[in-house]
Structure formats: structure tokens, C-alpha cells
Amino acid sequence: MDLSKNQGSIWLDGRMVDWQEANVHVLTHTLHYGVGVFEGVRAYNTPKGPSIFRLQDHTDRLFKSAGIVNMEIPYAKETINNAHIDVVNLNNLEESYIRPMCFYGSEGMGLRADNLKVHTMVAAWEWPSYMEPEAREKGIKVKVSSYKRQVRNPVSSAKVNGNYVNSIVALNEALEAGFDEALLLDEEENVAEGSGENFFIVKNGILKTPDLEASLDGITRRTIIQLAKDMGMEVEIIKIKLHDVLESDEAFFTGTAAEVVPINSVNNESLGNGSRGPITEILQSTYFDQVRGLRDENSNWHSYVR
Ligand code: PMP
């Protein structure tokens, strides 16, 4: 798949441009230094047509990330929300992945450049499954990464382009060793998150997830915490060590792209029953019912596009 060859329209700086024309110059500041902010958003088919899941929360996080790197987005949040809705509609998409990004232009080079324009793009395309479709049932094999997540650094906990160098080298290390995903520890040896997913374990019926000192405030994480609490499950936000993971009954990752993915082993040590656990299964199926508009609860999480 070469995304640049797609047909359709991309929202760029306030207007729709032809997919092939949505280009930037090689001296684009963000391309050189990684100072940019972005989101990964999904639209799902629901009985009321396509709906963008938790759009306002994604847009709020985009602006929060921008604030952390002192980037001023030159649009109102509502304009960005509408751009998402328009790209899904104009490209006739139903289930789709949506990528907004704010990045600096090529008005200056060097770390001291201060005259940079902020550009904003929103693109959408079909991207059905981030991992192998069977992974939802069978689970995935995870390798503890040799790369670490920084602790208590607001920049590294925001959705900033440059942070993804660490995620990508960690993921590639895991893939090259025959695993499906990396699990990153932080500099203090607490479990942090995956390369692009938050992390959960289940022990004696209690759902546990790391605090946000070394991980992104994931919107899927927030969703799962709320769905679990609504079901009457106990949820603990705590430091998790690797031995807690190895002794857990179940473990899974969450993310907009990855959705809810069971973890069946860590460093080739089998977890729990070695496949998707019962609590993971119920949270996963409730999540899919929620995003697909099959539940009455949390209707404010839906932004219908037509
Ligand atoms: N952690 C990282 C590093 C991520 O890139 C993502 C994906 N945005 C997540 C966690 C999950 O966040 P969300 O559920 O908001 O997609």
C-alpha cells in the first residue's frame, strides 16, 4: 500500500485539496526535527451510519499536545472536528482511520527558527485492522523492549511526532526477534506501554493499568476504564512491575489503531491460560459494541458524519 497513490481529498490548511496535491517542501521544519503533533482517530459503521469515535476527546488531546510543545494551532477545535467529518464524507468512507496532524512549515531552519507557520492536515482512509485479524482472539506475543520510556516528561507523554522514533525502534526490535509487539518499561523499571498502545493486566478479577507518568493518556484506555467501572469491575491505576505481568491472569493492549488486543505471552512466557482471558473478552466485545453504536450508553462519544 502506497498511501501517496490514493485518490480522494485531504483537508489541508482550511481547504480540501486533491490527494496527489497534498505535498510539502523538503525543508519542512517538522521533517527535520520532529516537532509536530498528531492524532489517530477511527470512524466505525453504526446503525445510524458512520460515526467518529470520541472525536472531541481526540481534538482536545491534539490541542493539549500542541500546548505542551508551544505550538499554536491556527483553527478552532470545531473547525478541526468538522474537517474530520468532511474528509470521511467527501471520500465516501465508512469504517476508516483518520489522521490529523499539525506541523511547522519551511519558513526557517535550525532549532531557533521562530517564524514558522503552523500547517494542519486531516486525511482519512480505509485501514481495517492494525494487527493480524486473528490477533483479536488468539492474542499476540510481546517482547519486553530494551528501549525505555522517559518518566515525568510532559513532551514524551504527549502525542508529538518525534516521540515515535523510540516507539518505532522498539517495535522493530520486537518484530525482528519474531514477536508481534514491544512492551516498554520506563527508566524506573515500571511497565509503561506498547509502541502505540496502553497496557492492562487482570489479577484476581481486578483490572490494573499503569499511571500516566510514562505513557500516553490513551482514549481507548479511558474508554476501557469507564466500561469496566460501569460493569462493576474494580480498576486500579498503579505501578506495575514485570513480575506482576508474568504472574497476571490476563493482559491486553488498547489503542485506537490496535483496539483491544489480548497478550498471550511475554518474552515467550505464557500468560494466564495462554489465550484471550474471559475479562479481556468481555471488555473487548463491549468496546466493539460501543464503537459500533450497539449500546445506548455514552452516546456523546459518537459524532455521526452524515
Ligand atoms: N500509547 C501510545 C504511545 C500511542 O501512540 C497510542 C496511540 N495513540 C496509545 C498509547 C493509545 O492511545 P489511544 O487509545 O488514544 O489511541
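**Asn198**

I started with Asn198 in this predicted model. Asn198 has a relative accessible area of 5%, so I put it down as buried, the cut-off being under 20%. I found Asn198 in strand E11, which covers residues 198–203. I then followed its side chain and saw that it reaches the backbone nitrogen of Gly218 at 3.4 Å. Next I listed what Asn198 touches, skipping residues up to four places away in sequence. The list runs Glu193, Ser215, Leu216, Gly218, Arg221, Phe252, Phe253 and Thr254. Gly218 therefore turns up both as a polar partner and in the list of residues touched.

**Ser248**

I moved on to Ser248, which sits in the loop between helix H7 (242–246) and strand E14 (250–255). Is Ser248 buried or exposed? I noted 4% relative accessibility, so Ser248 counts as buried. I looked up where its side chain points its polar atoms. One of them lies 2.7 Å from the backbone oxygen of Val245. The backbone oxygen of Glu250 is 3.5 Å from a polar atom of the Ser248 side chain.

For contacts I left aside neighbours within four places in sequence and got Ile201, Val202, Lys203, Leu271 and Gly272. I checked Leu271 further: Leu271 and Ser248 are 23 residues apart along the chain, and their C-alpha atoms are separated by 6.7 Å.

**His119**

I went to His119 next and found it in strand E7 (residues 118–125). Its relative accessibility is 16%, so His119 counts as buried. What does the His119 side chain make a polar contact with? I found the side chain of Asp13, at 2.7 Å.

Asp13 also shows up in the contact list of His119, together with Met101, Cys102, Phe103, Tyr104, Gly105 and Glu107; neighbours within four places in sequence are left out here. I looked at Met101 separately. Met101 is 18 residues from His119 along the chain, and I have 8.2 Å between the two C-alpha atoms.

**Arg276**

I placed Arg276 in the loop between strand E16 (269–270) and helix H8 (278–291). I wrote down two polar contacts for its side chain. One is with the side chain of Gln284, at 2.6 Å. For the other, a polar atom of the Arg276 side chain lies 3.3 Å from the backbone oxygen of Arg136.

Both partners are in the contact list too, which I took without neighbours up to four places away: Arg136, Glu137, Lys138, Pro262, Glu281 and Gln284.

**Two glutamates with positive phi**

I looked up backbone angles and stopped at Glu189 and Glu259. Glu189 is not a glycine, yet its phi is positive, about 70°. Glu259 is not a glycine either, and has a positive phi of about 65°.

Where do they sit? Glu189 lies in the loop between strand E9 (181–186) and strand E10 (191–194). Glu259 is in strand E15, residues 259–266. I compared their exposure as well. Glu189 has a relative accessible area of 42%, so I logged it as partly exposed. Glu259 comes out at 3% relative accessibility and so counts as buried.

**The whole chain**

Last, I stepped back to the overall numbers. I read off eight helices and 17 strands in the protein chain. How does the radius of gyration compare with the globule rule for 306 residues? I have 19 Å for the chain, close to the 19 Å that the rule gives, so the chain is as compact as a globular protein of that length. Along the principal axes, the C-alpha atoms fill a box of roughly 55 × 45 × 30 Å.

I noted that buried residues make up 52% of the 306 residues. The chain exposes about 14000 Å², and carbon and sulfur atoms supply 49% of that area. For contacts I took pairs of residues at least 6 apart in sequence; 70% of these join residues at least 24 apart.

I finished with the charges. The chain has 30 positive and 44 negative ones, and their mean positions are 2 Å apart.

Key. Residues are numbered from 1 along each chain as its sequence is written. This is a predicted model: local features need pLDDT of at least 70, side-chain atom pairs count only at pLDDT 80 or more; totals for chains, interfaces and linings use all residues. Side-chain values use heavy atoms; hydrogens and water are left out. Helices (H or I, at least four residues) and strands (E, at least two) are DSSP runs, numbered from the N terminus. The radius of gyration is taken over C-alpha atoms; the globule rule is 2.2 Å times the number of residues to the power 0.38. Buried means under 20% relative accessible area, exposed over 50%, partly exposed in between (1.4 Å probe, protein chains only). Contact means heavy atoms within 4.5 Å. Accessible areas come from the Shrake-Rupley method with a 1.4 Å probe; for residues, only the protein chains shown count as cover. Lys and Arg count as positive and Asp and Glu as negative; His and the chain ends are not counted. The place of a charge is taken as NZ of Lys, CZ of Arg, CG of Asp or CD of Glu. A polar contact is a pair of N or O atoms within 3.5 Å; within protein, one must be able to donate a hydrogen and the other to accept it, and residues adjacent in sequence count only if both atoms are side-chain atoms.
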